[in-house]
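Biologist: I would like to learn how to read a model of this kind step by step, starting with how far to trust the coordinates and ending with the empty space between the atoms. Could you take me through it?

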Amino acid sequence: VVAAVVAGFLARYIVGDYRALAKVHVSLHPGWLVLGAPCSVVAGLALALGWRRLLAAWGASIGRATAVRVWWRSQASRYLPTGAFAVASREVLAGRAGVPRSLGATSNVVELGVLLAWGAVVTGAAFPSSVLALPIRILVGAAGVAALAVLPWGMRLGSALMPRLTPALAARLPALADTGASPVAIYRACALYGVSALANTAAFVFLAAGMLSVRPTDVALLAGAVQGASIIGVLSVAPAGVGVREA
């Protein structure tokens, strides 16, 4: 049902904006596309290695190649509505690799929070004030920085409140109640996720430059747009953010 609703909105925008889209001229510039390819690869690898560092914060050891394999195989289910399937597949595949299943699911939830925070940082820093008012930019960026800064202690606070607020979720993700996660390891994971966010942003800018006439003044707009839309994509229940991020 969700996918059908999203498809309806997508069709509505395609029909409504057809004339505007018809004026968009796509002309390939291979050089920019070549530059974008390694950025995309780095973004993907940093996500998997950031997840590996996140597991290490709880004392779970997993090899680099295994982390990359598990992370990317679990991504196949992200195209199903809601993020539940992605969490479940990460949990199962991580369990097969020797990681406690509850930790596989918990790390996925924390990972989404970290990606949201980095998206807020880039959005606040990059978006032109003509598109997003300066006070809102400051608020969004500061919220992202604050979330990353207090993440280890925020997780501890959440673990204390969760059994009272959502007992079922607390029972499903018991690793969140483990307050012994290493702050240093968490920050190292956050740094790798930040590398991924920046590399992904660069890949999108290069992709746009490889298909459209992009001016230097457009770079900030493209960077803010891809990260701002990715926040909405994560929060959306649509499969992989279809109709939000991709559209």
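Biologist: What pLDDT does the chain average, and what percentage of the residues score at least 70?

Modeller: This is a predicted model, and the confidence of the predictor should be read before any geometry. The chain averages a pLDDT of 83, and 81% of the residues score at least 70.

Biologist: Which elements of the chain have the lowest and the highest mean pLDDT?

Modeller: Helix α9, covering residues 167-172, has the lowest mean among the elements at 66, whereas helix α7, covering residues 134-149, has the highest at 95.

Biologist: How many helices and how many strands does the secondary structure of the chain come to?

Modeller: The count is 11 helices and 0 strands, and accordingly the order of elements from the N terminus on reads α-α-α-α-α-α-α-α-α-α-α.

Biologist: What percentage of the 247 residues is buried, and what supplies the area that the chain exposes?

Modeller: Buried residues make up 38% of the 247 in the chain. The chain exposes about 13300 Å², of which carbon and sulfur atoms supply 71%. As for contacts with a separation of 6 or more, 68% of them are accounted for by residues 24 or more positions apart.

Biologist: Is A48 buried or exposed, and why?

Modeller: The general idea is to compare the relative accessibility with a cut-off, and buried means under 20%. A48 has a relative accessibility of 0%, and therefore counts as buried. Its place is in helix α3, residues 30-57, and, with neighbours within four places in sequence left aside, A48 is in contact with A67, V68 and W71. For the last of these, the C-alpha atoms of A48 and W71 lie 5.6 Å apart, although the two residues are 23 positions apart in sequence.

Biologist: Why do G95 and F85 count as partly exposed?

Modeller: Partly exposed is the class between under 20% and over 50%. G95 falls there because its relative accessibility is 25%, and F85 because its value is 43%. G95 is in helix α5, residues 84-96, and F85 also has its place in helix α5. From C-alpha to C-alpha, G95 is 9.8 Å from A105, 10 residues away along the chain, while F85 is 9.3 Å from Q75, again 10 residues apart in sequence.

Biologist: And how is empty space to be read; what volume does the second largest pocket have, and which residues line it?

Modeller: Rolling a probe the size of a water molecule over the atoms shows where empty space is left. The second largest pocket has a volume of about 280 Å³. Its lining is formed by L21, V24, H25, A208, L212, S213, V214, D218, L221 and L222, and by class this lining has 7 nonpolar, 2 polar and 1 charged residues.

Key
Residues numbered from 1 in each chain as written. Predicted model: local features only at pLDDT ≥ 70, side-chain atom pairs only at ≥ 80, totals over all residues. Heavy atoms only, no water. 1 Å grid on protein atoms, 1.4 Å probe; cavity = no way out; pocket = protein on both sides within 12 Å on 5 of 7 lines; lining within 4 Å. Points joined across faces, edges and corners; volume = space filled by probe spheres on them. Nonpolar A, V, L, I, M, F, W, Y, C, P; charged D, E, K, R; others polar. Helix = DSSP H or I, 4+ residues; strand = E, 2+ residues; numbered from the N terminus. Buried < 20%, exposed > 50% of the residue type's maximum accessible area, 1.4 Å probe, protein only. Contact = heavy atoms within 4.5 Å. Areas by Shrake-Rupley, 256 points an atom, 1.4 Å probe, with all protein chains shown as cover. pLDDT = per-residue confidence, 0-100.
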